[in-house]
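Colleague: I would like a close look at one part of this model, the place where several helices pack together, and I would be glad of a connected account rather than a list. Please begin with the cysteines before turning to the helices.

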Amino acid sequence: MSSEDRNIIKELERHRSSMRNEYESWEPHFRELRDAIQPSRGRFSLGESRSSSTLNKRLIDATARRGLRTLRSGLMAGMTSPSRPWFVLSLYDEEAKENPEVKAWLHTVQSRMYTVIRGTNTYRMLDACYADLGLFGTFAGLMSQDYELVFKCQSFPIGLYLISDNEDQLVDVLHWDRRMTVRQCVNEFGFEQCSTRVQNQYKAGNHSEYVDIRCAIEPRENHVPGSPLNSEKPFAVYAWEQGQTDKLLQNGGRVINGLLAPRWEVIQGESWSISSPGMEALGDALQLQEQHKDKAMANKLAYDPPMQAPAQNLALGYKAIPGRVIKISSSDIQKGGLRPTHEVRPDISGLVLDIQETQQRIEAAFYVDLFRMASQFGVEGLKNVTATAMAEMHEEKLIALGPVLEGLDHGLLTPLIENVFHYMQEARIIPPAPESLIGAPIKVEFVSLLAQAQKAVGISAIERTIGFVGTLAQLKPEALLKLNAFEAIDEFVDQAGPPPKMIVTTEEAQKQAAQQAQAAQMQQAMEQVQPMANAAKLISEANARSVEASDTL
């Protein structure tokens, strides 16, 4: 067994070395991003801690950090808000999803998924995800089965993991480092699996000593489909002690890899994101600190300038202390006494304007103008902004953010929902599917605030078209025949995203329209028959009176 373990560890270390070479070109940049924008994020060695002395003292102006906070909060509230629905389950088959039984099953599963997600640490992981994406452009998380909570999530700090993606630009390889105590190592992997050193430490009672562990998840090339054996499942899970070359702590397996590793911008052949809002704002964030230093220096020179005094009296120790009486000779007074070496009148207003421009560029890099659009105008400014103008500005910003949101749907949210569904199936808390649904693929639709806002960008085109047709119909009524009203409503609803129960199906609407048309025809026929019935009644009454008159004669 040790021979097999030795070969596996050797291959893992070789793969790890290859990924490490790619990562090392990025690490200096990641360190600079952390130090210049958010000093509390990232860990670039096991056991590294960020004390209060290293967190905030370097940042004179925290505009970039506040911008990252706004982006992080905006993405959380706009894409995966815990307080409102952000995904729905549907089908690709339009006819099948209108089946009442299928609708009820999808609604039940969807409700249970929300309940399970709220009971786990998913939202905390997503919050960390948006923070790392905004700063470093790359995030790595892992979902694992849990027998109490159904599943649990982990998020790894930048610097302690390595990744590699596949031909579909999805990350399918993750290596990460852990620091565990001897007791934790024995409890998780078993006494016999641990190295001799760890076993001896455990026997000696040194349970709090640290052990550095390397972990990996990789696709298993020789997996056996449907096999219940961990060693034959599609994804391999490995763990080994750092420095140990002939014994694995764990050689397990997974049906799904459970990886969540979205990136802000992906390029084929590169595992790490090539851009992020933090990368875009880095130069301005560094410049902003220097600008504040310049402004502080200018202010200090203005109210506490360097002074000059006669050389023979320097021993008196001149100091510019308010209220202090400085003794100088009469000859010094005649020469002008203490005076500044030069007059300093810095243009503080110019420095302030320069600082404000830099702050605006940083906020634009973090999309602060998108997530705080209303507050940009102020209370008085909003009175002069029309709803149409606000909607157009909102659409413009969403167009700029659109590719990123689509990338997050592909690399984060869709895998997340698929993993949740899988772990719920494993836990047997998903009800049996209707027979008509067996084998049919389920579609995940995102209905978050940002998803709906993206779809709403196309609503203005629909509204303009309907308005044009309505105007033309005033001159040419036949123009209304060109407009498919039911199709227009469906397109509008699809992009606006109102509750599904508000709108009936086209078939139901057509059926109701036919019934209304039939009722209108019957009413019209009755209205046409009524005058004839009244005339017949009058004739009948006249005839009756004539008969009565003849009988009287």
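Colleague: To how many disulfides does the count come by the distance rule? After that, please take me through the packing of helices H2, H4, H6 and H9, with the residues that meet in each contact.

Modeller: The model is a predicted one, and in it the count of disulfides comes to zero. Cys 215 shows how this arises, because its sulfur lies 9.7 Å from the closest cysteine sulfur, that of Cys 185, which is too far for a bond, the rule asking for two sulfur atoms within 2.5 Å. Cys 215 is also buried, since its relative accessible area is 3%, and Cys 153 counts as buried as well, at a relative accessibility of 7%.

As a setting for the helices, the chain contains 18 helices and twelve strands, and 38% of its 553 residues count as buried. Among the contacts in the chain with a separation of 6 or more, 70% come from residues that are 24 or more positions apart.

The part you ask about can be followed from helix H9, residues 277-303. Two packed helices are described by the angle between their axes and by the distance between those axes. Helix H2, residues 27-36, packs with H9 at an angle of about 60 degrees, and the two axes are 10 Å apart. H2 and H9 are therefore oblique to each other, an angle of 65 to 115 degrees being what would count as roughly perpendicular. The crossing in which H2 passes H9 is left-handed. On the H2 side the contact is made by His 29, Phe 30, Glu 32, Leu 33 and Ala 36, and these meet Gly 278, Met 279, Leu 282, Ala 285 and Leu 286 of H9. Sorted by class, this contact of H2 with H9 holds seven nonpolar residues, two polar ones and one charged one.

Gly 278 and Met 279 of H9 also appear, together with Pro 277, in the contact with H6, where they meet Leu 133, Gly 134 and Leu 135. The residues of that contact divide into four nonpolar and two polar, with no charged residue. The axes of H6, residues 122-135, and H9 come within 5 Å and cross at roughly 50 degrees, and H6 and H9 are therefore oblique to each other.

From H6 the packing can be followed on to helix H4, residues 63-79, which packs with H6 at an angle of about 135 degrees, the axes being 9 Å apart. That angle makes H4 oblique to H6, because only an angle over 145 degrees would count as roughly antiparallel. The crossing of H4 and H6 is right-handed. Leu 68, Leu 71, Arg 72, Leu 75, Met 76 and Met 79 of H4 meet Tyr 123, Leu 126, Asp 127, Tyr 130, Ala 131, Gly 134 and Leu 135 of H6. This contact of H4 with H6 divides into ten nonpolar residues, one polar and two charged. Gly 134 and Leu 135 of H6 thus take part in the contact with H4 and also in the contact with H9.

One further place can be added on the way out of H2, namely Gly 47, in the loop between H2 and helix H3 (52-55). Gly 47 counts as exposed, because its relative accessibility is 55%. In sequence, Gly 47 is 131 residues from Arg 178, while in space the two are 9.2 Å apart from C-alpha to C-alpha.

Notes: Residues are numbered from 1 along each chain as its sequence is written. This is a predicted model: local features need pLDDT of at least 70, side-chain atom pairs count only at pLDDT 80 or more; totals for chains, interfaces and linings use all residues. Side-chain values use heavy atoms; hydrogens and water are left out. Axes are lines fitted to C-alpha atoms, for helices over the stretch in contact, and angles run from 0 to 180 degrees between N-to-C directions. Helices (H or I, at least four residues) and strands (E, at least two) are DSSP runs, numbered from the N terminus. Angles under 35 degrees count as roughly parallel, over 145 as roughly antiparallel, 65 to 115 as roughly perpendicular and the rest as oblique. A crossing is left-handed if the near helix is turned anticlockwise from the far one by less than a right angle, and right-handed if clockwise. Contact means heavy atoms within 4.5 Å. Ala, Val, Leu, Ile, Met, Phe, Trp, Tyr, Cys and Pro count as nonpolar, Asp, Glu, Lys and Arg as charged, and the others, Gly among them, as polar. Buried means under 20% relative accessible area, exposed over 50%, partly exposed in between (1.4 Å probe, protein chains only).
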